[in-house]
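Student: I am new to this structure and would like to learn how to read its features. Could we go through them one at a time?

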Amino acid sequence: MKRKKVKINFGNLILLLIVIGLLGYSTYYLYNYFSGDKDKPNEVDTKYENKLVKKLKSLGYTESEAEKITVNLNEEIVNNIDKKYDNLVELSEVKYFHIENIDRYEELIKNSEYDINEVVMRVNTRIDKDFYTNITNVQDQDDPFVIVNKYYALSKDYVPSDLINVGNGQRMKKEAGEALIKMLDDIKNAGLYLQAQSGYRSYDLQSSLYNDYVSRDGKEQADTYSARPGHSEHQTGLAIDVSKDGTLSKAFENTDQFKWLKENAHKYGFILRYPSDKIYMTGYDYEPWHYRYVGIEAATLIKNEGITYEEYMVKYKGSY
Ligand SMILES: [Zn+2]
C-alpha cells in the first residue's frame with residue numbers, strides 16, 4: 001500500500017515535468033517564430049552568424065544579402081569586411097573568389113561585360129592589368145608547378161639543378177626530360193620524327209635573344225612571340241620547343257606530328273602552353289611547338305577542359 005502511493009506520486013512528478021517541458025518549449029518556439037527566427041534551424045550554430053549578419057546590415061547590406069555572404073565566406077573574412085560592395089554576394093559565390101582582390105573585381109565589373117566567373121578569373125590571373133606590370137618574383141623557383149609568365153619572373157641567377165640531355169644539344173629538368181625522351185621515342189615508334197629544338201635557356205641567353213628580336217621587330221612586336229629575360233618558361237627547364245625539321249613555325253600545326261601531340265602529349269605530362277584561343281591571357285601568339293611539362297594529372301585536366309595553365313592554377317590550386 002505504502003509502496004504503491006510512492007509510485008503514483010513519482011508518476012505524477014514525471015507528468016508534471018513533461019507538461020513544464022512542453023510549455024517551456026512551445027513558449028520558446030512561439031517566441032522565435034514571432035521574432036523572425038523561424039527559419040533558423042539551430043540556435044547554437046547560428047549564434048556567430050547572427051552577429052555577422054547584424055554587422056553586415058550595419059554596413060548597408062540587406063538581411064538576405066548578409067545571410068548569403070555569411071554562408072559563402074568564413075567568419076574571419078566577414079569580420080574584415082568594412083564597407084558595402086555592390087557585387088559581393090555574387091562574387092562570394094565563385095569558388096576561387098579571393099577577398100583581397102575585391103576592389104579589382106568591382107572595377108572590372110563596372111568597366112566590362114564579362115560574367116562574374118570571367119571577372120574573377122581575369123583578376124586572379126592578373127590580366128585585368130597590363131602585361132609586365134604588377135610583377136612578382138617567383139618564390140619557389142624549383143617548384144614543378146611553377147608559373148612563369150608576364151607577371152611572374154625568375155631571378156637572373158636561377159638555374160635548375162637537375163638538367164639532363166634530351167637530344168639535339170638540348171636540356172630539361174630530369175623528370176620533364178625523361179618524359180620528353182619517352183614521348184619522342186613513342187612518336188618515333190608511331191612512324192613520325194620529332195626532335196627537341198629548344199629546351200632550357202639561361203637568363204643571359206634569353207636576354208640576348210629578346211634584345212635581338214627587339215632590334216629587328218621593335219619591342220611591341222617582339223613581346224608577342226618572345227619572353228623578356230626572367231619571364232621565359234624555358235628558364236625553368238620544364239618547357240620544350242619541338243620540331244620535325246629544325247624549324248619553328250605555325251605550319252607545324254598542319255603536320256601529323258602536331259596531330260599526334262594533340263592526342264597524346266598529356267599522357268606524358270605535357271600541355272600546349274600557348275593555344276590560339278588564349279592569346280589574351282598568355283600574352284603570346286599561338287605556338288603549336290611549345291610544350292610545358294606539368295605532370296600527367298594536371299596535363300589531362302587541362303587538355304580535357306581546354307584551359308590554360310594559369311586557369312588551371314586558379315581553379316585547382318587556389319592561386320599561384
Ligand atoms: Zn618555347
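Tutor: Let us begin with metal geometry. Four donors count as tetrahedral if all angles lie between 85 and 135 degrees, and as square planar if opposite donors are over 155 degrees apart and all others between 65 and 115; anything else is irregular. Please keep in mind that this is a predicted model.

Student: Which residues coordinate the zinc ion?

Tutor: The ion is held by NE2 of His234, two OD donors of Asp241 and ND1 of His290, at 2.1 to 2.8 Å. Along the chain, these donors follow the spacing H-x6-D-x48-H. His234 and Asp241 are both buried.

Student: What is the geometry of the site of the zinc ion?

Tutor: Ideal angles for four tetrahedral donors are 109.5 degrees. Here the angles among the four donor atoms run from 51 to 149°, so the site is irregular.

Student: Which residues touch the most other members of the largest nonpolar core?

Tutor: In soluble globular proteins, nonpolar side chains tend to be buried together. In this model, the largest such core has 68 residues, and Ile69, Leu88, Leu180, Leu261 and Phe270 touch the most other members. Helix H8 (residues 174–189) contributes the most, with six residues. At least three core residues come from each of domain 1 (45–84) and domain 2 (141–316). Among the contacts of Ile69 are Leu56, Tyr61 and Leu88.

Student: In what sense do strands E3 and E4 pair?

Tutor: Strand E3 (residues 163–167) and strand E4 (residues 170–173) are antiparallel, with four bridges. Ile164 lies opposite Met172 of E4. Two residues separate the strands of this hairpin, and Asn168 in the turn has a positive phi of about 55°.

Definitions and conventions: Residues numbered from 1 in each chain as written. Predicted model: local features only at pLDDT ≥ 70, side-chain atom pairs only at ≥ 80, totals over all residues. Heavy atoms only, no water. Pairing = 2+ DSSP bridges. Core = buried A, V, L, I, M, F, W, Y, C linked by side-chain atoms within 4.5 Å. Buried < 20%, exposed > 50% of the residue type's maximum accessible area, 1.4 Å probe, protein only. Domains from an automatic or database assignment. Contact = heavy atoms within 4.5 Å. Donors = N, O, S within 2.8 Å, 3.2 Å for Na, K, Ca; no water. Tetrahedral: all angles 85-135°; square planar, octahedral: opposite > 155°, others 65-115°. Lists of a residue's contacts leave out its neighbours within four places in sequence.
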